[in-house]
Amino acid sequence: MATARKDYGDNEHSILYAETNGCCPLCLKPILFRKPNSGRLSKGYEVAHIYPLNPTLAQATALVGRAPPTNVNALENVVALCPTCHTRYDTDFQLEEMDKLSGIKNRFLANARANATISDYMIEDEVYAILDSISSLAGDDLDVPPTSFDATTVDKKLRTGMSPLQRLEIKTYAVNFYVRIRDQIRMLEQNDQVAIRMLQNQVNTYYLAMQQQSPDNKDAIFNFVAQWISTRTGRPLLAAKVLTSFFVQNCEVFDAGP
Ligand SMILES: [Zn+2]
């Protein structure tokens, strides 16, 4: 018997629209647009099932060996697509495209989970001074990397579960900024040791929270922590990434696995 299509309500549409950042995830065209005459906004997307709702014969053949999701109508199995991509996806169904769309949807879900926690995790005011001094480094300060930095720890920490590019980014920031940030933290500690301890704990706690949400994706964990610091403080994401790289050194999330 055919499974009935769910009628998605306004709140569900809000979620499905927002997670796409307003673009069809397959062709990247906007999925809300203004009508030329009235200027009114029109919805330019449809709710598409990633695993087909009621597979056609061709779809069923392609899907052999792939178990359907527990609830095919769940928000986790639907995504907003423009009508053109939706029709093409369904009529010219390809397993590779389903996997691609599942990957995109999983990223949407991980982002949403991370964003939902940003307001729950506080961060000490001392972080502003550190981020501002990272941002205000002059060009010639950066020409001479500090020599007293030993990259062994960071190499060890990043050995597993991270993409080479992400590893390089973190290592570059660590080599260039570790000593500067460490010295500044020592200075701030002289004024308020407890606040600095709290800041370190807060960052580590958020690292752990993100690890719990995305256990197999250290790239994502790193970027979610940086995003949290940047969003909470209103400071540039780049400065937040530099600081997040600093905290990798002392973070158990990056301890090498077996
Ligand atoms: Zn499209």
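**Figure 1. Confidence in the predicted model of the protein chain.** The protein chain has an average pLDDT of 90, and 95% of the residues score at least 70; pLDDT is the predictor's confidence in each residue, from 0 to 100. Confidence is highest in strand β4 (residues 78–81), at a mean of 98, and lowest in helix α6 (residues 139–143), at 66. Where pLDDT is low, the predicted coordinates should not be read in detail. Residues are numbered from 1 along each chain as its sequence is written. As this is a predicted model, local features need pLDDT of at least 70 and side-chain atom pairs count only at pLDDT 80 or more, whereas totals for chains, interfaces and linings use all residues.

**Figure 2. Overall dimensions and secondary structure of the protein chain.** The protein chain comprises 11 helices and 4 strands; helices (H or I, at least four residues) and strands (E, at least two) are DSSP runs, numbered from the N terminus. The C-alpha trace spans about 70 × 50 × 35 Å along its principal axes. The radius of gyration of the protein chain is 23 Å, whereas a compact globule of 258 residues would have a value near 18 Å; the radius is taken over C-alpha atoms, and the globule rule is 2.2 Å times the number of residues to the power 0.38. Of the 258 residues, 27% count as buried. A residue is buried if 20 or more other C-beta atoms lie within 10 Å of its own, exposed if 12 or fewer, and partly exposed in between, with C-beta atoms placed from the backbone. Among contacts between residues at least 6 apart in sequence, 71% join residues at least 24 apart; two residues are in contact if their C-beta atoms, placed from the backbone, lie within 7 Å.

**Figure 3. Domain 1 and domain 2 of the protein chain.** Domain 1 covers residues 10–118 and domain 2 covers residues 123–254, with bounds that come from an automatic or database domain assignment. The C-alpha centres of domain 1 and domain 2 lie 35 Å apart. Domain 1 gives 5 residues to the contact, and domain 2 gives 10 residues. The side of domain 1 that touches domain 2 has 3 nonpolar, 1 polar and 1 charged residues. In this classification, Ala, Val, Leu, Ile, Met, Phe, Trp, Tyr, Cys and Pro count as nonpolar, Asp, Glu, Lys and Arg as charged, and the others, Gly among them, as polar.

**Figure 4. The largest nonpolar core.** This core has 38 residues, and those with the most contacts inside it are A174, F177, Y207, I221, V225, L243 and F246. Two or more residues each come from α5 (126–135), α8 (164–191), α9 (193–213), α10 (218–233) and α11 (237–248). Helix α10 provides the largest share, 8 residues. A nonpolar core is a set of buried Ala, Val, Leu, Ile, Met, Phe, Trp, Tyr and Cys residues joined through C-beta atoms within 7 Å. Leaving aside neighbours within four places in sequence, F177 is in contact with I134, V242 and F246. Another core, of 14 residues, lies apart from the largest one and includes I50, L81, C82 and Y89. In soluble globular proteins, nonpolar side chains tend to be buried together.

**Figure 5. Surroundings of L131 in helix α5.** L131 counts as buried because it has 21 C-beta neighbours inside 10 Å. Residues up to four places away in sequence are not counted among its contacts, which are T233, R235, A239, A240 and L243. L131 and E19, 112 residues apart in sequence, are 29 Å apart in space, C-alpha to C-alpha.

**Figure 6. Surroundings of W228 in helix α10.** With 26 C-beta neighbours inside 10 Å, W228 is classed as buried. Its contacts, leaving aside neighbours within four places in sequence, are with I118, Y121 and Y206. Although W228 and I118 are 110 residues apart in sequence, their C-alpha atoms are 5.7 Å apart in space.

**Figure 7. S214 in the loop between α9 and α10.** S214 counts as buried, since 20 C-beta neighbours lie inside 10 Å. S214 touches A110, A220 and I221, when residues up to four places away in sequence are not counted. The C-alpha atoms of S214 and K156, 58 residues apart along the chain, are separated by 21 Å.

**Figure 8. N21 and L28 in the loop between α1 and β1.** This loop joins α1 (10–19) and β1 (32–34). N21 is not a glycine, yet has a positive phi of about 60 degrees. L28, also not a glycine, has a positive phi of about 70 degrees. N21 counts as exposed because it has 12 C-beta neighbours inside 10 Å, and L28 counts as exposed with 12 such neighbours.
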